[in-house]
Amino acid sequence: MRVLVTGGTGLVGYGLKEAVKADEKENVDDWFFASSKDANLCDRESTRALFERVQPTHVVHLAAKVGGLFANMKAKVEFYRENMLMNDVVLELCKEFQVEKLVSCLSTCVFPDKVSYPIDETMLHAGAPHSSNEGYAYAKRMLDVASRAYREEYGCNFTTVIPTNIYGPNDNFDIENGHVIPGLIHKAYNAMRDGTPLTVWGTGSPLRQFLYNLDFGKLLVWTLRSYNDPEPIILSVSEEEEISVADAARAVHSGMQCEQELVFDTSKADGQFKKTANNSKLVEMYPEFRFTPMEQGLRETCEWFKANYETARK
């Protein structure tokens with residue numbers, strides 16, 4: 001098995017690489033973790049050159065234009081266009097190069113805003129996504145549509161996974177444009193350095209299921225080897241492990257050993273209140289999998305950020 005991983009040097013790529021290193025069975029395979037330096041995935045010829053060089057038998061498509069709530073609100077067109085472009089290029093080349101299997105990554109933000117909870121895989125297209133990230137969400141929805149269409153028309157073994165909110169080492173810790181956990185970790189670092197409060201944007205009331213990137217990496221390896229259903233599968237901790245952003249902030253405050261005051265700036269938007277995901281399909285198919293406790297994952301992420309502060313993306 002020769003595996004090409006797009007977006008292979010980001011948050012999820014890091015978790016996948018660690019999972020591959022830890023699994024002796026994976027060491028017999030050839031893995032190529034591509035970065036933006038290897039190809040412009042929005043450009044067909046640049047991406048074709050990458051495929052010709054690697055000659056993959058399997059592809060894990062992680063690359064995407066991603067960002068937090070405020071980045072999505074500011075640049076809906078860019079999030080839509082760039083993700084649509086790269087997904088079209090990658091899927092068509094997987095067909096052209098007769099790739100045996102493609103696993104692509106969606107997100108829980110693709111689910112409808114107004115929906116009954118918990119959400120499951122059957123509800124992906126049951127209504128409009130939250131307006132704050134509709135550019136990104138619709139582009140990701142089309143990745144599911146295209147994957148199933150390629151399977152139906154050309155017999156391609158394409159499938160998709162839907163993780164919940166991912167965090168972990170090698171995240172993008174940009175405060176303005178990053179996601180909630182890495183943004184809070186960076187803010188805590190700055191608060192400790194400057195002797196200022198740790199400020200959380202919003203009320204802290206929204207609820208999220210947080211998934212450690214090293215766990216997601218292990219689940220991607222399992223998906224690549226064992227999951228062949230054309231329908232997507234939610235890869236997430238259970239509903240019972242959903243916590244508020246306020247509780248996540250307190251956990252970061254503790255994980256960073258921060259003694260500064262924790263305050264909430266309620267003038268900032270909260271975004272979607274909840275997107276609780278049901279992981280029963282995963283539990284039924286992979287019952288032996290055990291998730292890393294969030295306290296441990298956060299502690300390890302905080303330690304990684306402090307140790308790699310100078311070179312971390314921020």
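Lys-21 and Glu-18 sit three residues apart in helix H1 (residues 11-22), about one turn of the helix. Helices here are DSSP runs of H or I with at least four residues, strands are runs of E with at least two, and both are numbered from the N terminus. These two side chains form a salt bridge, with their closest N and O atoms 3.0 Å apart. The term salt bridge means a side-chain nitrogen of Lys or Arg within 4 Å of a carboxyl oxygen of Asp or Glu.

A quick note on what you're looking at: this is a predicted model, where local features need pLDDT of at least 70, side-chain atom pairs count only at pLDDT 80 or more, and totals for chains, interfaces and linings use all residues. Residues are numbered from 1 along each chain as its sequence is written, and side-chain values use heavy atoms, leaving out hydrogens and water.

Back to the salt bridges: by that rule the count comes to 12. The table shows three pairs, including the one in H1, with relative accessible areas. Buried means under 20%, exposed over 50%, and partly exposed in between (1.4 Å probe, protein chains only).

| Pair | N to O distance | Lys accessibility | Acid accessibility |
|---|---|---|---|
| Lys-21 and Glu-18 | 3.0 Å | 55%, exposed | 26%, partly exposed |
| Lys-95 and Glu-92 | 3.7 Å | 25%, partly exposed | 23%, partly exposed |
| Lys-114 and Asp-113 | 3.6 Å | 73%, exposed | 23%, partly exposed |

Lys-95 and Glu-92 are three residues apart in helix H4, so about one helical turn separates them. There's also a network of salt bridges, which links Glu-45, Arg-48 and Glu-96.

Now for the strands. S3 (residues 58-61) is covered on both faces: His-58 and Val-60 are buried on one side, Val-59 and His-61 on the other. Strands count as paired if DSSP finds at least two bridges between them. S3 pairs with S1 (residues 2-6) in the parallel sense over four bridges, and four bridges also join S3 to S4, again running parallel. Follow His-61 and you'll meet both neighbours: Thr-6 has His-61 as its bridge partner in S3, while Ser-104 is the partner of His-61 in S4.

Finally, some backbone oddities. Most residues other than glycine have a negative phi, and most peptide bonds are trans. Gln-98, in the loop between H4 (76-96) and S4, has a positive phi near 55°. Gln-257 also has a positive phi near 55°, and this residue lies in the loop between H8 (245-255) and S12 (262-265). Gln-98 is exposed at 68%, and Gln-257 is exposed at 61%. As for the peptide bonds, the one from Tyr-117 to Pro-118 is cis, with omega near 5°. Pro-118 belongs to the loop between S4 (101-105) and H5 (134-154).
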